[in-house]
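Student: I have a model open and want to test the labels people put on it. Can we go through them one by one?
Tutor: Sure, have a look first.

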Amino acid sequence: MGLFDRFKRKKDPEPAAEPPAAPAPGLAPEPDTQAVILLNREIDWTTVSKAVEGRFGPQALVSTDTSVPNAPAMTFALEGAEFFCGYFAMPHPPQVYDLSSLPEGLFSPEERETLLAHKCFLVLAQKGGGTSLAEKRGICRLFTRLAGALMELDGAVGLFLAEAELLVSRRLYLQHAAILEQNWDDPAYFPAPLWVSIRGGRKGEAALTGTWGLKQFGFLELWFLDAKSPWPELHEKLYLMSIYQITGTELYKNMDTIAFTPGDPSLFRELNGALFIVGGGV
């Protein structure tokens, strides 16, 4: 049984319905959304429900499952979407993902050591709610609010998002979650740094800088090829371009052009499941 299998909702068979409309980008968003919250100490299970109920009210707790004493689970509901949370009194298994292989992420060197030294973890998962871009975006926003409440637990040290291979410290997760709260009513805002990681690499002699995690929203990853701009500027461009796509403002495609410098356009070239941004004043 997979790590997240026990959190799948069992549904009765439903009659056949009309097929859903095709997703806009040509790639379907990943309907499931899940992450791991790392803890540096064992916690009392009731503190988890209290943290959520304290933020969202007692109606947020739908059910509790303690049939497996060492791995209890709960179901929460936010705005009609159900989220499943389970506790595991052991470090995150390296066979599932070796967190020590992640040299980059949203953490300081000291925070990385704390993250890797965690003692136990929570699994937070939402199953099947992200079947369209709008639904995926909505689920991820709610997921961020819920994870933010759990990140305030005494002992929480950070979050790991496998779909983006992204490790985030408690400090920076709460910082971005607070920004989301401040912009909750702004449809043009999405907390991209908590869902998309930025990677560096090389292709021959050329430097590469790009995203990892846009696929979960149904988009090709975006990569700058041999860009000359400073690293912080490339980060900002990639996060903004990610937000534009996730919020439905833009859709970048093969052979499109984009002008970061007036009169000096860059070209999108699709290769190996990614859009490479080449040329222009970048």
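Tutor: Let's start in the loop between β11 (257–261) and β12, where glycine 263 is found. Keep in mind that this is a predicted model.

Student: Is glycine 263 buried or exposed, and what makes it so?
Tutor: Its relative accessibility is 80%, and exposed means over 50%, so glycine 263 counts as exposed.

Student: How far is glycine 263 from cysteine 140?
Tutor: Their C-alpha atoms are separated by 37 Å, and along the chain the two are 123 residues apart.

Student: What follows the loop, and why is the pairing of β12 with β13 called antiparallel?
Tutor: β12 covers residues 264–271, and it pairs with β13 over 5 bridges in the antiparallel sense. At least two bridges make a pair, so 5 bridges qualify. Within that pairing, leucine 267 stands opposite valine 278 of β13. The two strands form a hairpin with 2 residues between them, and asparagine 272 in the turn has a positive phi of about 55°.

Student: Which strand pairs with β13 in the parallel sense?
Tutor: That's β10 (residues 221–225), over 4 bridges. Glutamate 221 has alanine 274 in β13 as its bridge partner.

Student: What makes β13 largely enclosed?
Tutor: Buried means under 20% relative accessible area. In β13 (residues 274–278), 4 of the 5 residues are buried, so the rest of the structure largely encloses the strand.

Student: On to the 7-stranded sheet. In what order do its strands run?
Tutor: The order is β2-β3-β4-β5-β1-β6-β7, in an open sheet with antiparallel pairing.

Student: Why are β2 and β7 said to stand at the edges?
Tutor: β2 (61–65) and β7 (166–169) each have a single partner strand, so one side of each is left without a neighbour in the sheet. Ignoring direction, neighbouring strands here are turned by 20° against each other on average.

Student: How do you know that β1 and β5 are a pair?
Tutor: β1 (residues 33–39) and β5 (residues 120–126) share 7 antiparallel bridges, and the cut-off is at least two. Leucine 39, for instance, stands opposite cysteine 120 in β5.

Student: Which helices touch that sheet?
Tutor: Helix α1 (residues 45–56) packs on the sheet, touching β2, β3 (73–78), β4 (81–88) and β5, and its direction makes about 5° with that of β3. Helix α3 (residues 133–151) lies across β1, β3, β4, β5 and β6 (156–161), at about 15° to β1.

Student: Which residues have the most contacts inside the largest nonpolar core?
Tutor: Val48, Phe83, Leu122, Leu150 and Trp195 do, in a core of 68 residues. The largest share of this core comes from α3, with 10 residues. Tryptophan 195 touches residues including Cys140, Phe143, Leu161, Phe190 and Trp212. Apart from that core lies another of 14 residues, among them Leu38, Phe88, Tyr97 and Leu99.

Student: How do you know that cysteine 85 and cysteine 120 aren't bonded?
Tutor: Cysteine 120 holds the sulfur closest to that of cysteine 85, but 12 Å is too far for a bond. A disulfide needs the sulfurs within 2.5 Å, and the structure holds 0 disulfides.

Student: And why are both cysteines called buried?
Tutor: Cysteine 85 has a relative accessible area of 0%, and cysteine 120 is also at 0%. The cut-off is under 20%, so both count as buried.

Conventions. Residues numbered from 1 in each chain as written. Predicted model: local features only at pLDDT ≥ 70, side-chain atom pairs only at ≥ 80, totals over all residues. Heavy atoms only, no water. Buried < 20%, exposed > 50% of the residue type's maximum accessible area, 1.4 Å probe, protein only. Axes fitted to C-alpha atoms, helices over the stretch in contact; angles between N-to-C directions. Contact = heavy atoms within 4.5 Å. Core = buried A, V, L, I, M, F, W, Y, C linked by side-chain atoms within 4.5 Å. Lists of a residue's contacts leave out its neighbours within four places in sequence.
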